[in-house]
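I opened my notebook to jot down what I looked up here. The entries are short and follow the order in which I checked things.

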Amino acid sequence: MNNTAASPMSTATSSSGRSTGKSVSFAAELQSMMFSLGDARRPLHETVVLVEDVVHTQLINLLQQAAEISQLRGARVISAEDLLFLMRKDKKKLRRLIKYLFIRDYKSKIVKGIDEDDLLEDKLSGSSNTNKRQKFAQDFLNSIDQTGELLAMFEDDEIDEVKQERMERAERQTRIMDSAQYAEFCESRQLSFSKKASKFRDWLDCSSMEIKPNVVAMEILAYLAYETVAQLVDLALLVRQDMVTKAGDPFSHAISATFIQYHNSAESTAACGVEAHSDAIQPCHIREAVRRYGRKIGPLSPFTSAYRRNGMAFLAC
Amino acid sequence: MDQNNSLPPYAQGLASPQGAMTPGIPIFSPMMPYGTGLTPQPIQNTSSLSILEEQQRQQQQQQQQQQHQLFHSQTLTTAPLPGATPLYPSPLTPMTPITPATPASESSGIVPQLQNIVSTVNLGCKLDLKTIALRARNAEYNPKRFAAVIMRIREPRTTALIFSSGKMVCTGAKSEEQSRLAARKYARVVQKLGFPAKFLDFKIQNMVGSCDVKFPIRLEGLVLTHQQFSSYEPELFPGLIYRMIKPRIVLLIFVSGKVVLTGAKVRAEIYEAFENIYPILKGFRKTT
């Protein structure tokens with residue numbers, strides 16, 4: 001599973017094939033999505049294009065790895081199990097995914113009970129898909145769980161800190177809005193990749209792949225795409241906050257050279273810091289966030305070659 | 001066969017402003033029991049008043065008389081009505097820690113409207129679905145798709161699923177009596193087709209109500225402060241899902257101010273749940 005061409009900054013082979021111009025672009029939706037996740041009222045177009053590129057590349061790579069795992073299993077389609085398997089390393093993100101599946105089941109169960117037509121439809125189709133997704137995930141994790149820690153996640157009721165922070169940020173953001181802005185904010189929050197499933201599928205362009213994902217896997221992929229965007233915005237906001245040199249911060253003199261290089265050298269730090277708070281996220285923030293996320297930190301990191309990447313650092317899993 | 005006489009006889013003559021069949025039930029707060037001597041009784045007369053609460057309530061009612069034209073208590077005398085609970089002192093119901101903490105404030109003045117009632121009844125005999133489908137009007141039966149006859153009647157406008165075991169599910173009614181009436185009509189249809197149908201164990205399984213608080217609600221704030229009860233994933237569903245523990249009701253709260261309440265077995269649970277949530281929603285009102 002060696003991905004040598006896996007730098008998110010360079011145009012991956014898949015997207016360079018569309019050098020004539022992407023026929024499917026999520027730029028408009030991404031703009032609203034980033035606003036709802038904490039960015040400014042009108043995110044910059046360059047930032048949106050960069051985010052789209054990053055998410056697209058990561059998803060393609062994720063799909064390819066999932067396809068390889070499918071092949072190992074001898075299956076004909078990429079199913080949710082392959083994606084779950086890829087995510088096994090990061091427990092927090094896995095737990096968030098499982099909670100998402102659970103809420104999805106729960107919501108369809110409730111909404112069914114409200115509308116009598118829905119109730120009849122459900123009875124007619126004869127499917128008992130209450131908790132179907134969650135049950136399925138639980139069964140699969142049971143089968144690959146060696147140490148019992150994956151299954152413990154289902155009972156685990158810890159607070160998800162990342163989610164908590166996002167909720168708090170949204171709350172802060174909405175407190176100062178007026179009704180019209182808030183209505184717009186709510187609409188942006190409702191955007192997701194899963195609502196535009198067919199466009200999402202075209203955007204991913206799985207036609208060149210031999211093994212394709214099935215419906216449940218596409219749902220999970222849409223969720224992972226959204227999570228990637230959310231993670232990027234989280235990290236970029238953190239980076240932007242770091243860029244502001246606060247008075248009394250003992251480490252301001254130790255900001256690395258590569259970091260300042262991305263920063264616009266024409267303006268002074270202070271001036272940029274002031275406007276950075278009210279401005280949108282810049283592409284430099286995104287790039288820095290991805291760079292930091294992908295950097296291996298550990299006892300042997302000075303000795304590993306910087307030129308050989310062992311696989312993409314997936315933001316979503 | 002009238003096991004649950006749902007309405008006291010005098011109340012049927014009262015017109016309610018929203019055109020519902022039963023009069024609107026006034027003040028419901030977590031401290032309030034279900035009935036007092038001043039108002040028409042709902043079905044369950046389980047709890048009784050403490051004198052302190054009654055005094056408080058009377059004071060509040062006097063303050064709010066001009067606001068709440070819905071409450072028919074003003075037109076009635078203060079003498080206890082037949083079948084009403086007497087004003088005996090009783091221990092205060094303790095506020096359980098799992099109820100969301102609400103200030104003891106005035107009631108909302110908004111009454112949730114019932115939208116759908118699902119009930120089941122046992123006709124007590126095996127049925128031949130093919131015969132029923134062939135001879136009854138407005139019946140559809142597709143054994144390959146689903147193993148029940150779907151029958152509809154126009155008054156009250158409802159749908160029934162009739163199974164060969166004799167069990168029947170009736171949906172779509174807007175009140176308890178309508179649901180019961182509709183179920184009896186279906187039973188009569190089956191009876192007329194020659195089956196010895198009875199009317200056993202009529203039970204309301206689920207009631208759905210909805211109302212509008214008429215102001216926009218900031219859901220992000222609500223989900224943060226009531227985390228253990230609520231979940232809000234706007235990518236999945238535009239409303240916030242609030243799971244109230246006492247009473248056990250699920251509320252769908254939307255930004256526009258519309259609230260849908262579901263999961264109730266009795267009407268009072270819907271009213272109580274709404275009165276519980278109303279002060280909380282007022283706290284997250286989105287002002288311009």
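**Chain B, then chain A**

I started with burial in chain B: of its 288 residues, 53% are buried. This is a predicted model, so I read everything below as computed from it. For secondary structure, I got five helices and 10 strands in chain B. I also checked the contacts in chain B with a separation of 6 or more, and 65% of them are between residues 24 or more positions apart. The exposed area of chain B is about 14,100 Å², with 54% of it supplied by carbon and sulfur atoms.

Next I ran the matching lookups on chain A. I found 15 helices and two strands there. Chain A has 317 residues, and 46% of them are buried. Taking contacts between residues at least 6 apart in sequence, I noted that 76% in chain A join residues at least 24 apart. Its accessible surface came out at about 16,700 Å², and carbon and sulfur atoms own 53% of that.

**Ser231(B)**

I picked out Ser231(B), which sits in strand E7 (residues 230-231) of chain B. Is Ser231(B) buried or exposed? I put it down as buried, because its relative accessibility is 16% and the cut-off for buried is under 20%. Then I listed its contacts, skipping neighbours within four places in sequence: Ile103(A), Val223(B), Leu240(B) and Ile241(B).

**Salt bridges**

I counted salt bridges over all chains and got 17. I looked at three of them by hand, beginning with Glu219(A) and Arg104(A), whose closest N and O atoms are 3.8 Å apart. This pair links distant parts of the chain, 115 residues apart: Glu219(A) is in helix H12 (residues 215-243) of chain A and Arg104(A) is in helix H5 (residues 91-114) of chain A. I checked burial on both sides: Glu219(A) is buried at 18% relative accessibility, and Arg104(A) is buried with a relative accessible area of 17%.

My second pair was Glu227(A) with Arg166(A), a salt bridge with its closest N and O atoms 3.1 Å apart. Glu227(A) is in helix H12 of chain A and Arg166(A) is in helix H9 (residues 161-175) of chain A, so the bridge ties together parts 61 residues apart in sequence. Glu227(A) is buried, with a relative accessible area of 6%. Arg166(A) counts as buried too, at 15% relative accessibility.

Arg166(A) turned up again in my third pair, a salt bridge with Asp234(A) at 3.0 Å, N to O. Here helix H9 of chain A, holding Arg166(A), is linked to helix H12 of chain A, holding Asp234(A), across 68 residues. I noted Asp234(A) as buried, with a relative accessible area of 12%.

Which residues are linked with Arg166(A) in a network of salt bridges? I wrote down Arg96(A), Glu165(A), Arg169(A), Glu227(A) and Asp234(A).

**Positive patch**

Last, I looked for charge on the surface. I found a positive patch formed by Lys109(A), Lys203(B), Arg243(B), Arg248(B) and Lys265(B). I followed up on Lys265(B), which lies in the loop between strand E10 (258-264) and helix H5 (267-283) of chain B. Its relative accessible area is 38%, so I logged Lys265(B) as partly exposed.

Key. Residues are numbered from 1 along each chain as its sequence is written. Chains are lettered from A and ligands numbered from 1 in the order in which they are written. This is a predicted model: local features need pLDDT of at least 70, side-chain atom pairs count only at pLDDT 80 or more; totals for chains, interfaces and linings use all residues. Side-chain values use heavy atoms; hydrogens and water are left out. Patches are made of residues with over 30% relative accessible area and no salt bridge: like charges are joined within 9 Å, nonpolar side chains (Val, Leu, Ile, Met, Phe, Trp, Tyr) within 5 Å. Accessible areas come from the Shrake-Rupley method with a 1.4 Å probe; for residues, only the protein chains shown count as cover. A salt bridge is a side-chain nitrogen of Lys or Arg within 4 Å of a carboxyl oxygen of Asp or Glu. Lys and Arg count as positive and Asp and Glu as negative; His and the chain ends are not counted. The place of a charge is taken as NZ of Lys, CZ of Arg, CG of Asp or CD of Glu. Helices (H or I, at least four residues) and strands (E, at least two) are DSSP runs, numbered from the N terminus. Buried means under 20% relative accessible area, exposed over 50%, partly exposed in between (1.4 Å probe, protein chains only). Contact means heavy atoms within 4.5 Å.
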